[in-house]
Amino acid sequence: MDKIFRWLSGNKKPSTSAQDIANTAPLSEQQIQAIVNNQNPRFDLQQLISSCGQSVGKQRELNEDSLLAITTTMAGNTGNLPFGLYIVADGMGGHQFGEVASNAAIRTVAGYVLRKFHPYLFHIKAGAMDESFQEIMQAAVSEAQRAIQREAPGSGTTLTAALVLGQQITVAHVGDSRAYFIYPDGRVESLTRDHSLVRRLEELGHITHDEAANYPHRNVLYRALGQGEVLDPDIFTVGFPQPGYLMLCSDGLWGVLTEQDLARSINEATSLQRACQNLVNAANAAGGPDNISVVLVQLIG
Amino acid sequence: MSDDRGDQGSSTPRQLQAGIKLANRYSIQEVIGIGGMGSVYRARDMHFPNVTKLVAVKEMINTAPDPLVRDTIVQNFEREANLLATLHHPSIPRIYDYFTIESRSYLVIEFIHGKDLEAIINDTNSFLPESQVLSWAIELCDVLDYLHQHKPDPIIFRDMKPSNVMINHNGDVILVDFGIAKTFQSGIKGTMIGTEGYSPPEQYRGEATPSADIYALGATIHHALTRRDPRLEPPFSFSERPLRRINSNVSAEMEAVVNTALEYNPDSRFRTAADMKQALVAVARKTGAPVAVATGPQTGPKAASGGIKPLWSFKCEDEIRGTPLVSQGMLYIGSYDNNLYALNAADGKFQWKYPTDGGIVTRPVLFDGNLYFGSEDQRLHVVSARTGKVVWTYYTDGPIRSSPALAEGHVFLGSDDNHLHAVNLNTGRVAWKFETADAVRSTPFVLRDLVFAGCESGDYYAVDFRGELKWRFHAKRSVTASTVGTEQAIYFSSMDSTLYALDPRNGWVLWRFRLGKPSISTPCLAEDLIFVGSSDGIIYAVDSKSAKEVWRFRTEHQVNSSPIVYKDSLYCGSVDGNLYCLEYRTGRVRWKFNTGGAITGTPVAFDDIVYVGSTDHQVYALLA
């Protein structure tokens, strides 16, 4: 993949293999596309690949974001099943111990989910799971809610967690971190709805989209992990886009980059790692007003 | 993180046991509530040995590992105590004492014999009478007015909600939990306070005014009168749920007062709690409250059913429990009189009938001019759709109640002989039989290269085209309903009262949706919604991604029929004898048509006509 992109962009390489000195006519757009398509990795087994990036940003001293990315395969009777757990949490407010909250959220949710899947990942027990993905995510979020209220009462955090099993993505979401699908053709689809005052006001038509961008209380959330007694996270299951990427990020990223920026940074990169670096760099170049966290996941095969 | 506080904090602090004496004075009796940071106990004050003086002891356990956090918590607690000590009002509990023992702080307050409003709402099966809610609302205005008039500074309660309103044994309201009345910190993010769902828009911005309490009171009344918990709805969405649309017993006057309290703009609400009280008193005068008159049980608005006339009907000799097939101007339907009927779909005129030796509950399938259907005579019958003459039959070893599914040159069907059969369409010979744990009465569902079927033991199978098991799943009770689905998910309901969503590739459970009672109704998909009936009499609409209930519609008896969607309507039969036509996005009833018997088969819609069979022996054609 890396190689073909460099070749197409015309980088000269001091190589003198027979193919390189062969005289060829310029390739048509179609031919190039055919070559690129052929170079797309084809695996007979489905597998997940992922990468992540983080930065404290240019204007904050503290990092209150927390991030987790676990990618593996579950061996089972029905073949090898890709398994992944990805979480972004953005702790709120400097004075209220935001980093404690986001950290507790990640640890608790990941701990809970992995405990549930432990027997299946390591084939300790063959019995069927008696809970659904959504029930597991719901319970994990509830446990995180209790952990935060215990460890840092009064504080709160966003949480956007994606459990991937096979081609199913089950998302649990509270707050204004986001999950996106990003397609190779540049389309960007937001999966989550911000639980923020500004988004709600926009939905109600009290302010316009443009006003929302400059709204003074952009950061106020009406739902956050650790806050309130009845926590009602958004939980849903969607299919993994193929081809395409799953992206989770905090508002330090989506708040400063347009959807076009997001798609371009990813689609122009030669690898997922590079894409994450591009995204973080772009957010910092745009001022880096907040902590930046991003996870990119791709299902291949 | 310098220390391993995760493990340290994961053990839940213990509740105090009954009999423990706190501060050598308060003898703990039992837990009466659980809050975010500790429990609330009923205790006896032992300083009064000759009388039983009960108190409520509110506990706050400080588990925060960080010393700074810990201090903040103690300060908040003391603020609540000091605030309460300055207040004197019949609707505010008296404070007797407060103290701290190690990491636990205690507030000793008046014990209220009663129940909180949230519990009252949840424990009542119907709507609370308006007159009752009205008198509580008036008392709440009184206490809010007292707080707002407080000198030197007004006190904003900031957390008005049903669970903070106690109704004592005299039926009077007591406002509890002043813990949230803390200074509003305008931070960068998370400057949230109050209770999500009941709080006005401006409270999220850091403005706390008397008007915020008025909004929250409006939200509390709204919850009490509609039984819709605003914490489970998007914020500020009350105007999308007008009182009288949910509860038609509510007076227009009451709705107007609540709407004013819930105005988005604070300036448009009641200026003071006293003003709101006046408006409520005016409602009481107009509607004849406060004399508490319980309103009788009221059934919802009945849709006109007299207006619906069938285009035609046709009478068989026994019950119809199966589902019709409509194709090329003909309607085919099986009956318990053992016959398969062919009728003209336009006028219901009899064309031919084909007799079998058992009742027919299955739905015929048409392929290449032939009809395929099973009968309780244990056979799969293949007859010419034009003439009704038999082409071939295939024997199983049990009655057939599973409708056939055709794919890839084969017909798949289940039988009570505990097998899933794959029969070659051309030869009529069995390709393979897959043994199941019990009778297969569900219709096999074919998706890509897999066949899905549930059986009466609750076992559910995904079998490939060679008849080999791909995966299996076990529901707790039988899976009689058939499966529907997409590449993303398959859906079926079970007698274990659950609607399941499974990954078709591997059988992992994506979500489960709890139905009120067992179901044999096959779900139906339309856009993001999935519809299913249950023997609790309800037709449910559920979001297929989030498994959240979107609406429910209650019929008057079990719903064993399966819903279908045609254009923007949903059609479903009920054992109450009605075929219902609902707006499928909202569940609002468009019309219903009463047949003379229970409807258990699935309706079929074609060319703006909906067809359904009934146990009154008739098949009906109605304008969709």
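Here are a few worked exercises on this predicted model.

Residues are numbered from 1 along each chain as its sequence is written, with chains lettered from A and ligands numbered from 1 in the order in which they are written. Local features need pLDDT of at least 70, side-chain atom pairs count only at pLDDT 80 or more, totals for chains, interfaces and linings use all residues, and side-chain values use heavy atoms, leaving out hydrogens and water.

**Exercise 1. Work out where Thr108(A) sits, whether it is buried or exposed, and what it touches.**

Step 1: find the element. Thr108(A) belongs to helix α4 of chain A, residues 98-121. Helices here are DSSP runs of H or I with at least four residues, strands are runs of E with at least two, and both are numbered from the N terminus.

Step 2: check the accessibility. Buried means under 20% relative accessible area, exposed over 50%, and partly exposed in between, with a 1.4 Å probe and protein chains only. Thr108(A) comes out at 13%, so it counts as buried.

Step 3: list the contacts (heavy atoms within 4.5 Å). Leaving aside residues up to four places away in sequence, Thr108(A) touches Glu143(A), Ala144(A) and Ala147(A).

**Exercise 2. Describe the surroundings of strand β6 of chain A, residues 178-182.**

Step 1: look at burial. Five of the five residues of β6(A) are buried.

Step 2: split them by face. In a regular strand the side chains alternate between the two faces of the sheet. Arg178(A), Tyr180(A) and Ile182(A) take one side, Ala179(A) and Phe181(A) the other, and both faces are covered.

Step 3: find the partners; two strands pair if DSSP finds at least two bridges between them. β6(A) runs antiparallel to β9 (residues 245-249) of chain A, joined by five bridges, and Ala179(A) has Leu248(A) as its bridge partner there. With β7 (residues 188-190) of chain A, β6(A) makes three bridges, again in the antiparallel sense, and Ile182(A) is matched with Val188(A).

Step 4: inspect the turn. The hairpin of β6(A) and β7(A) has five residues between the strands, and Gly186(A) takes a positive phi near 95° in it.

**Exercise 3. Lay out the sheet of β35, β36, β37 and β38 in chain B, and say why one side of each edge strand lacks a neighbour.**

Step 1: get the order. The four strands form an open sheet, β35-β36-β37-β38, with antiparallel pairing.

Step 2: pick out the edges. β35 (564-566) and β38 (589-594) of chain B each have a single partner strand, so one side of each is left without a neighbour in the sheet.

Step 3: add the twist, which averages 20° from one strand to the next.

Step 4: zoom in on one pair. Three bridges link β35(B) to β36 (residues 569-573) of chain B, and Tyr566(B) has Ser569(B) as its bridge partner.

**Exercise 4. Describe the lining of the second largest cavity.**

Step 1: place it in context. A cavity is a set of points, on a 1 Å grid over the protein atoms alone, where a 1.4 Å probe fits but cannot get out, and lining residues have an atom within 4 Å of a point. The structure holds three cavities of 30 Å³ or more, and the second largest has a volume of about 60 Å³, a volume being the space filled by probe spheres set on the points, which are joined across faces, edges and corners.

Step 2: name the lining. Among its residues are Leu117(B), Trp136(B), Leu140(B) and Thr220(B). α4 (130-148) and α5 (210-226) of chain B each supply at least two.

Step 3: sort by character. The lining has eight nonpolar residues, one polar and no charged, where Ala, Val, Leu, Ile, Met, Phe, Trp, Tyr, Cys and Pro count as nonpolar, Asp, Glu, Lys and Arg as charged, and the others, Gly among them, as polar.

Methods:
1 Å grid on protein atoms, 1.4 Å probe; cavity = no way out; pocket = protein on both sides within 12 Å on 5 of 7 lines; lining within 4 Å. Axes fitted to C-alpha atoms, helices over the stretch in contact; angles between N-to-C directions.
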